[in-house]
Structures are given as structure tokens and as C-alpha cells.
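Let's take a walk through this structure together, stopping at a pocket, a pair of helix contacts and a single residue. Keep the 3D view open as you read.

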Amino acid sequence: MVSNLLEADIENILETAFSETDGELLVIDPSAETIISLVEAGTERDDLPEMLMLADERTLKDVMDDFLVASKAADLVDAGALSLRLLPEDADNALFVSEDRVLALVSAGDKAAALSSEDEAFVTEVFDTYRETFEGAEEFRLRTPPISRVRETMEAEIGEEPRADFDSVLASMETARGNGEGLDEVTVSLLVAAKNDVLLYDISKWGEDVGIASKATFSRTKTRLEDLGLIDTEKVPIDVGRPRLRLKLGDDRLKEADADQLAGVAGSILN
């Protein structure tokens, strides 16, 4: 049987795919929007099927360049709820395939439609074909650490208040892309550290240990933010070796901003 499912957005179609899948759900050639929606759904509910995703490499790289998405996806991968592999060649349609059903996704503007088939022979053939393709496909390795690990280690090593501020800043942002120009995860970490008078050594060591970026990247970003007047530093003597640098907010607008306003204020200064 084949039927059209017209929905207002991708989230409704995902709900249909999730609710009628007991085992594995193969996700074939999803768009960037669909990948983001899948990751968001995975972080908001605990009753999802195991998702095996075959996606275009360029699309995956672009989506996972955003720390907000990649760190949540890494949580799902770490928990065994999501596997990411590279699609060897373009599929004819974006598909959601379970052992009982095939959904072919079509998007147009803000509308989404899905063609659904439950024909046993057809579904079995499609599932087996893409399951075999998935097994032979190259794994997509996320370089971003899971957001749960980032939060836990920041609270343990930097402090509860910086971790709370870090969460507030991220929650206020639409994207956090590591393109070296806007607010990426390193910039956010340094601004939060400066808001809480944390040592550059401590935040950069934590960032390198957890897998956000190297100490050298933290140092370069600190220099850029200092040159732009967003942060200041003061020397803190230690018993042995060179003094360490304590980070401080450098712009009065940032000093007056709450944590959930920090990204917006910093972004306006940078732009």
C-alpha cells in the first residue's frame, strides 16, 4: 500500500517515522535540515529507534561544523543511538527505512510530504539493500566532544558558575561555527572564562583535554579577542615559572551583560 502523508514540517514526518519503528531506522541521504531535526529529536526524547544514517559527506561536514549540533550528535553517537556513515553515491530520494516501512521524503519550501509504502517485499528489499550499503560505508568521525562531557568536565575543572554561564550562552545562540570569524566554541569558552576571572592556562588545558581545541588555538583566539578589546588579561605570579594570565572582560558592554546576553553583545562588537 502506498499513501501520501502531507505534513506542515519535517518534525511531523520524523514523528511518524519514529512512532512506527521498533528496531533500526535507516536514514538515507537526509538534507541538512533533516539531520539537525534528527539530532534535536534525539536529545529531547529517549524512545527513539537506533538511527543508522547514510549521508552526503559535504552535507555532514557543513552541519557538524556547528558546535551546537555536533556536540549533541556526539552525545547520541557516544550512547549508541546514532551511527554516521558516508553515502557512497546519491540516492534518488531522502528515505527513512525500517523493517516494516519505507518513507520517501520530499520537501518544498516550508512544507514536507512523504510517500509511504508498507509492501512487505518492497520494504524488505529496500531495507536489506541499504543495510548492506551501510555496513560497507565509510564511517564519519565526529571531532567534536559530546556536550554532556563538555558540561561535566567544565563544572568539575573550571567551576559550577562558569558551566552555568556556558550553558546560558550556548542556549542563546542559533549557531556556533568554528570558522574563525564569529562566535565558535573556543570564543564562547574564553568569554565565559573572562566573565568568571578564570586563568587562561586552566580554560585552555580543559579545552584541550576535553577535545574542543588545542591550547595553541585557545591562545590565538585569546590574542584576537584581546586585540579587539573584548577581553583583558592580568598577570598572576606563581611559585615557579612565568606568571599566568587571568582573563577579564575588557568591554564595559560585556561587563554589564548577563550570560544569556553575552553572545549577542560580543557578536555586535565583532561585527
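Helix α9 gives the largest share of the lining of the largest pocket, with three residues. Please keep in mind that this is a predicted model. Besides α9 (200-210), two other elements, α10 (215-227) and β9 (244-249), each supply at least two residues of that lining. If you would like to highlight the whole set in your viewer, select L200, Y201, S204, K215, S219, K235, I238, G241, R242, P243, R244 and L245. Sorted by class, this lining has five nonpolar, three polar and four charged residues. The space in the largest pocket comes to about 300 Å³.

Now turn to the helices, with α6 as your guide. Helix α6 (residues 147-157) packs against helix α7 (residues 160-171) at an angle of about 145°, and their axes are 7 Å apart. On the α6 side, the contact is made by I147, V150, R151, M154 and E155. Helix α7 answers with E160, P162, R163, F166, D167 and L170. What classes do these residues fall into? Six are nonpolar and five are charged, with no polar residue in the contact of α6 with α7.

Helix α6 also meets helix α4 (residues 67-78), and here the axes come within 7 Å and cross at roughly 100°. Because angles of 65 to 115 degrees count as roughly perpendicular, α4 is described as roughly perpendicular to α6. From α4, the residues that make this contact are F67, S71, K72, D75 and D78. From α6, they are I147, S148, R149 and V150. The contact of α4 with α6 divides into three nonpolar, two polar and four charged residues. I147 and V150 are worth a click, since they appear in the contact of α6 with α7 and also in the contact of α4 with α6.

For a last stop, look at a single side chain. L14 sits in helix α1 (residues 10-19). Is L14 buried or exposed? Its relative accessible area is 2%, and buried means under 20%, so L14 is buried. Leaving aside residues up to four places away in sequence, L14 touches T34, S37, L38 and F96. You can also draw a distance from L14 to L103: they are 89 residues apart along the chain, and their C-alpha atoms are separated by 9.8 Å.

Methods: Residues numbered from 1 in each chain as written. Predicted model: local features only at pLDDT ≥ 70, side-chain atom pairs only at ≥ 80, totals over all residues. Heavy atoms only, no water. Axes fitted to C-alpha atoms, helices over the stretch in contact; angles between N-to-C directions. Helix = DSSP H or I, 4+ residues; strand = E, 2+ residues; numbered from the N terminus. Contact = heavy atoms within 4.5 Å. Nonpolar A, V, L, I, M, F, W, Y, C, P; charged D, E, K, R; others polar. Parallel < 35°, antiparallel > 145°, perpendicular 65-115°, else oblique. 1 Å grid on protein atoms, 1.4 Å probe; cavity = no way out; pocket = protein on both sides within 12 Å on 5 of 7 lines; lining within 4 Å. Points joined across faces, edges and corners; volume = space filled by probe spheres on them. Buried < 20%, exposed > 50% of the residue type's maximum accessible area, 1.4 Å probe, protein only.
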